[in-house]
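Dear colleague,

Please find below the structure that I am handing over to you, together with its sequence. My findings follow directly after it.

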Amino acid sequence: MEKPTIVIALGGNAILSTDASSTAQQKALLYTAKQLVKLIQKGYQIVISHGNGPQVGNLLIQQQVADSKENPAMPLDTCVAMTQGSIGYWLKNALLKELEAAVLKKEVATLITQTVVSENDPAFQNLTKPIGPFLTEAAAQTLMNETNTLYKEDAGRGWRKVVPSPKPLSIQEHQIIKTLIANKIITICGGGGGIPVVGKELTGVEAVIDKDFSS
């Protein structure tokens with residue numbers, strides 16, 4: 001009997017712990033890939049999504065620090081796309097390396113994914129999704145004053161930036177995902193919950209979607 005397709009949602013904090021360097025994150029994903037290949041060896045078709053809270057938060061800080069008229073900071077939806085690409089690139093290469101080591105001939109695809117949300121979602125008036133690093137209250141207050149953003153205390157661990165987290169309505173690329181699965185291609189998609197977009201024109205909005213809901 002053919003094994004079922006399973007969806008695996010990796011947490012952003014599992015990819016980035018205390019060391020935010022690309023080297024450390026790739027090392028973490030290499031370990032993750034070893035575990036995923038064990039499932040593939042058992043005959044499971046897998047679809048992988050992942051969080052990006054720490055990564056997109058760090059990227060936003062980098063964008064804000066370098067912001068200028070000549071080099072304007074990218075908006076949050078674009079930062080989600082950028083972290084989808086970087087994490088998907090690292091994970092794909094880690095999987096290919098471990099598949100080769102296990103003598104398994106499988107293809108891997110990373111798909112930049114857009115998630116449709118409602119522009120009337122109440123989340124846009126109630127910011128709850130924490131992203132980025134933990135800061136002291138003083139540092140958070142300074143950033144709130146300087147950047148007109150909102151930070152909240154997070155479970156006694158420090159202060160983090162919070163952004164809207166609307167509920168996903170649909171995945172724009174769902175037919176492409178189905179095609180990849182049907183062709184037995186290991187699929188990485190929905191990174192960071194997907195790029196939040198609204199309307200027929202798929203306009204990006206300032207938000208981060210929970211990867212568990214998108215998954």
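Which feature does UniProt place at residues 5-212? The record, an unreviewed entry, gives "domain: Aspartate/glutamate/uridylate kinase" for that stretch. Please note that the model is a predicted one. Over residues 5-212 the chain is 41% helix and 21% strand, and the C-alpha atoms at the two ends of this stretch lie 17 Å apart.

Helix packing

Two helix pairs may be of interest to you. The first pair is helix 3 and helix 4, the latter spanning residues 76-101. Their axes are 9 Å apart, and the two helices pack at an angle of about 125 degrees. That angle makes helix 3 oblique to helix 4. Their crossing is right-handed.

Helix 4 also packs with helix 2, which covers residues 22-41. Here the axes are 8 Å apart and the angle is about 50 degrees. Helix 2 and helix 4 are therefore oblique to each other, and the crossing of this pair is right-handed.

The largest pocket

The largest pocket holds about 250 Å³ of space. It is lined by 16 residues, of which Q64, T149, K161, V163 and E206 are the closest to the pocket centre. Helix 3 (53-66) and strand 7 (159-163) each contribute at least two residues to this lining. Sorted by class, the lining of the largest pocket comprises ten nonpolar, four polar and two charged residues.

The cavity

How many cavities of 30 Å³ or more does a search of the whole structure find? The search finds one. About 60 Å³ of space lies in the largest cavity. The elements that give two or more residues to its lining are helix 3 and strand 5 (129-135). The residues that line the largest cavity are G57, L60, I61, Q64, I131, G132, P133, L135, Y151 and K161. By class, they divide into six nonpolar, three polar and one charged.

Residues in both linings

Two residues deserve a second look in the viewer. Q64 and K161 are among the residues closest to the centre of the largest pocket, and Q64 and K161 also line the largest cavity. Helix 3 likewise gives at least two residues to the lining of the largest pocket and two or more to that of the largest cavity.

With kind regards

Conventions. Residues numbered from 1 in each chain as written. Predicted model: local features only at pLDDT ≥ 70, side-chain atom pairs only at ≥ 80, totals over all residues. Heavy atoms only, no water. 1 Å grid on protein atoms, 1.4 Å probe; cavity = no way out; pocket = protein on both sides within 12 Å on 5 of 7 lines; lining within 4 Å. Points joined across faces, edges and corners; volume = space filled by probe spheres on them. Helix = DSSP H or I, 4+ residues; strand = E, 2+ residues; numbered from the N terminus. Nonpolar A, V, L, I, M, F, W, Y, C, P; charged D, E, K, R; others polar. UniProt positions renumbered as here; feature names shortened; annotations may be inferred. Axes fitted to C-alpha atoms, helices over the stretch in contact; angles between N-to-C directions. Parallel < 35°, antiparallel > 145°, perpendicular 65-115°, else oblique. Left-handed = near helix turned anticlockwise from the far one by under 90°.
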